Amino acid sequence: MAYQSKDLSVLAYANGFTLWHYATADAAAEVDTGGYFDGAADMLRAGDMILANVDTDGTPGAGIFLVSSSSGGEVDVSDITSVGASDTD
């Protein structure tokens, strides 16, 4: 799959920082590939964070992507920092 603009939304904005939410059926490894968010380059800035729900149609995961760079129409995000732990019950 690929980036879908309809799945990216603003949660909070303050002092030049934006906290985003993104939900996708794509795996985290695909989302953190350089260029995945290029379609949102006009909105995303270095230092923004994206709370994400990934692999929503498989084994769901959640975490935070940091926007590492966004310039010249190209966006790069860091590898996902996972949220939550294994459910042992």
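In β3, the residue that bridges to His 21 is Leu 51. That pair belongs to the contact between β2 and β3, two strands that run parallel and are joined by five bridges. Before I go on, please keep in mind that this is a predicted model.

Let me stay with β2, residues 17-23. Its side chains alternate. Thr 18, Trp 20 and Tyr 22 point to one face and are buried. Phe 17, Leu 19, His 21 and Ala 23 point to the other face and are not buried. So what does β2 pair with besides β3? Strand β1, residues 8-14, is joined to β2 by six bridges, and these two run antiparallel. Ala 14 has Phe 17 in β2 as its bridge partner. β1 and β2 make a hairpin with two residues between them, and in that turn Asn 15 has a positive phi of about 50 degrees.

There is a second hairpin, made by β4 and β5, again with two residues between the strands. Here Gly 72 takes a positive phi near 60 degrees. β4 covers residues 61-71 and runs antiparallel to β5, with four bridges joining them. Ser 71 has Glu 74 as its bridge partner in β5. Strand β5, residues 74-77, also alternates: Val 75 and Val 77 are buried on one face, while Glu 74 and Asp 76 point to the other and are not buried.

Now the core. Which residues of the largest nonpolar core touch the most other members? They are Phe 37, Leu 44, Ile 50 and Phe 65, out of 18 residues. The elements giving two or more residues to this core are β2, α1 (28-31), β3, β4 and β5. Of these, β3 gives the most, with three residues.

Take Ile 50 as the example. Leaving aside neighbours within four places in sequence, Ile 50 is in contact with Trp 20, Tyr 22, Phe 37, Leu 44, Gly 63, Ile 64, Phe 65, Val 67 and Val 77. Trp 20 and Tyr 22 are on the buried face of β2, and Val 77 is on the buried face of β5.

Last, the surface. Met 49 lies in strand β3, residues 49-54. Is Met 49 buried or exposed? Neither: its relative accessible area is 34%, so Met 49 counts as partly exposed. Together with Phe 17 and Leu 66, Met 49 makes a nonpolar surface patch of about 220 Å². Phe 17 is the residue we met earlier as the partner of Ala 14, on the face of β2 that is not buried.

How values were computed
Residues are numbered from 1 along each chain as its sequence is written. This is a predicted model: local features need pLDDT of at least 70, side-chain atom pairs count only at pLDDT 80 or more; totals for chains, interfaces and linings use all residues. Side-chain values use heavy atoms; hydrogens and water are left out. Patches are made of residues with over 30% relative accessible area and no salt bridge: like charges are joined within 9 Å, nonpolar side chains (Val, Leu, Ile, Met, Phe, Trp, Tyr) within 5 Å. Accessible areas come from the Shrake-Rupley method with a 1.4 Å probe; for residues, only the protein chains shown count as cover. A salt bridge is a side-chain nitrogen of Lys or Arg within 4 Å of a carboxyl oxygen of Asp or Glu. Buried means under 20% relative accessible area, exposed over 50%, partly exposed in between (1.4 Å probe, protein chains only). Two strands pair if DSSP finds at least two bridges between them. A nonpolar core is a set of buried Ala, Val, Leu, Ile, Met, Phe, Trp, Tyr and Cys residues joined through side-chain atoms within 4.5 Å. Contact means heavy atoms within 4.5 Å.
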